[in-house]
Amino acid sequence: MAFVDEAKFFVKAGDGGKGCVSFRREKYVPRGGPNGGDGGHGGSIIIECASRLHSLIDFRYRSHFKAKSGSPGMGKDMHGRKGSDCLMSVPVGSLIKDIETGEVLADLCNEGDRFIAARGGKGGLGNRHFSSGTNRTPRIATKGVEGEERWLRIELKLIADVGLVGLPNAGKSTLLSKLSAANPKVASYPFTTLEPQLGVLHLPHKESCIIADIPGLIEGAHEGIGLGFTFLRHIERTKILLHVLDVSSAQAMDDFLVVEKELQSYKEELLRKTRLLVLNKIDIATPDLVEQLQSEFADMGFETVPIAGLTGEGIDKIKFWIADILETYNTVNAVQSNTKEETTSLRDATEDSADIE
Ligand SMILES: Nc1nc2c(ncn2[C@@H]2O[C@H](COP(=O)(O)OP(=O)(O)OP(=O)(O)O)[C@@H](O)[C@H]2O)c(=O)[nH]1
Ligand SMILES: [Mg+2]
């Protein structure tokens, strides 16, 4: 089934029900007064993040979402029923944007995150609200407010910890299949992978992490050549990038530079991520060339791991490297958030003491 990672859709919240004009009519109660109830509020459109979903495929079949309108108010002070909300489930990592301005309205990153995409209209007021000293028999009631409606755009940025990049045929999918239980298609022709694939890597002595394999990049990808580079958005949020290089080719260094240039054209920040150069296919590469590349990359400040994805050689080294980096990453984040908390409490304390003075 196709992988859909962006879509546009229309949301229309329910209208408020109209208020009622009614008067109390009862035996022995002359001029009973107004008793028209209020209309019910319209239902809202609520977007909720669900970890069981991984693609926006549902949007291919449905682009209009409507919530129910509120019922009108009734006599005897009875309020109309509230229209039911429309709950839309979207995958973790969905961005909701305004279709015209491109402004990000919501970034749904965690299971259960919610965003109200369109608010239901308020119900109208029944005539009992309009009774006054000069008008005991008001024949007015208000209409309900119309529910909000708008076109929105949804984009999916998969949330993975590790991203795989490289030229087509470099062996990214083979590596994913060795690092995780995922079973991506592997073949000796370019662009075997046409849509992002995810796999779960069980780290040594630690929790697991998610790896994303994306289609190969070629020179000019930023101009739309090959499959383009829109898929790079899925690795924008990763903590680590594994750059897979086929070192059985004599121009491995040129290949490396091509991919680097494409990453840079997409977003400079990608080059600031912690990266490991995976020198793949050492089973068929010239050992001297591999050594030479290792020293050249070391001079450029990169860490390298020579592997043969096909035979599984060197895979464990990558696992340990990932485990170490993620641990450091989490520790640094924990320290940073602690420092932030301390600064806040320090500021609170200073403000408190300022109050006392
Ligand atoms: N000899 C050898 N072949 C490998 C190795 N790793 C991958 N291959 C072969 O290289 C070819 C491409 O592998 P893939 O894993 O499909 O490459 P990819 O980078 O995912 O390619 P795209 O999806 O097209 O971007 C396949 O024929 C693999 O069997 C390796 O370590 N040694
Ligand atoms: Mg592939």
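**Figure 1. The shell around ligand 1 in the predicted model****.** Ligand 1 is surrounded by 24 residues. G171, S173, S188, T193 and G216 come nearest. By class, the shell holds 10 nonpolar, 11 polar and three charged residues. Helix 2, residues 172-179, supplies the largest share of the shell, with three residues.

**Figure 2. Helix 2, a mostly covered element****.** Seven of the eight residues of helix 2 are buried. They are K172, S173, T174, L175, L176, K178 and L179. One of them, S173, is also among the residues that come nearest to ligand 1.

**Figure 3. V186 in the loop between helix 2 and strand 10****.** Strand 10 covers residues 197-202. Is V186 buried, exposed or partly exposed? V186 has 17 C-beta neighbours inside 10 Å, so it counts as partly exposed. A buried residue needs 20 or more such neighbours, and an exposed one has 12 or fewer. Leaving aside residues up to four places away in sequence, V186 touches S173, T174, S177 and T192. Of these partners, S173 and T174 are buried residues of helix 2. D288 lies 102 residues from V186 along the chain. The C-alpha atoms of V186 and D288 are separated by 28 Å.

**Figure 4. Strand 2 and its two faces****.** Strand 2 spans residues 45-49. Which of its residues form the covered face, and which the uncovered one? I45, I47 and C49 make up the covered face. I46 and E48 make up the uncovered face. In a regular strand, side chains alternate between the two faces of the sheet.

**Figure 5. Strand 2 and its pairing partners, strand 4 and strand 7****.** Strand 4, residues 86-90, pairs with strand 2 in the parallel sense. Five bridges join strand 2 and strand 4. In strand 4, C86 is the bridge partner of I45. Strand 7, residues 114-118, runs antiparallel to strand 2. Four bridges join strand 2 and strand 7. Here the bridge partner of I47 is F115 in strand 7. Both I45 and I47 belong to the covered face of strand 2.

**Figure 6. The hairpin of strand 5 and strand 6****.** Strand 5 covers residues 94-98 and strand 6 covers residues 104-108. The two run antiparallel and are joined by four bridges. K97 has V104 of strand 6 as its bridge partner. Five residues lie between the strands of the hairpin. In the turn, G102 has a positive phi of about 80°.

**Figure 7. Strand 5 against strand 8****.** Strand 8 covers residues 149-156. Strand 5 and strand 8 pair in the antiparallel sense over five bridges. I96 stands opposite I154 in strand 8. Strand 5 is thus bridged to strand 8 and also to strand 6.

**Figure 8. The whole chain and its two domains, as context for the close-ups****.** Domain 1 comprises 1-25 + 34-126 + 141-156, and domain 2 comprises 162-332. Their C-alpha centres lie 42 Å apart. The chain contains five helices and 14 strands. Its C-alpha trace spans about 110 × 65 × 35 Å along the principal axes. The radius of gyration is 30 Å, whereas a compact globule of 357 residues would have one near 21 Å. Of the 357 residues, 37% count as buried. Among contacts between residues at least 6 apart in sequence, 71% join residues at least 24 apart.

Conventions:
Residues are numbered from 1 along each chain as its sequence is written. Chains are lettered from A and ligands numbered from 1 in the order in which they are written. This is a predicted model: local features need pLDDT of at least 70, side-chain atom pairs count only at pLDDT 80 or more; totals for chains, interfaces and linings use all residues. A residue is near a molecule or strand if its C-beta atom, placed from the backbone, lies within 6 Å of it. Ala, Val, Leu, Ile, Met, Phe, Trp, Tyr, Cys and Pro count as nonpolar, Asp, Glu, Lys and Arg as charged, and the others, Gly among them, as polar. The radius of gyration is taken over C-alpha atoms; the globule rule is 2.2 Å times the number of residues to the power 0.38. Two residues are in contact if their C-beta atoms, placed from the backbone, lie within 7 Å. Two strands pair if DSSP finds at least two bridges between them. Domain bounds come from an automatic or database domain assignment.
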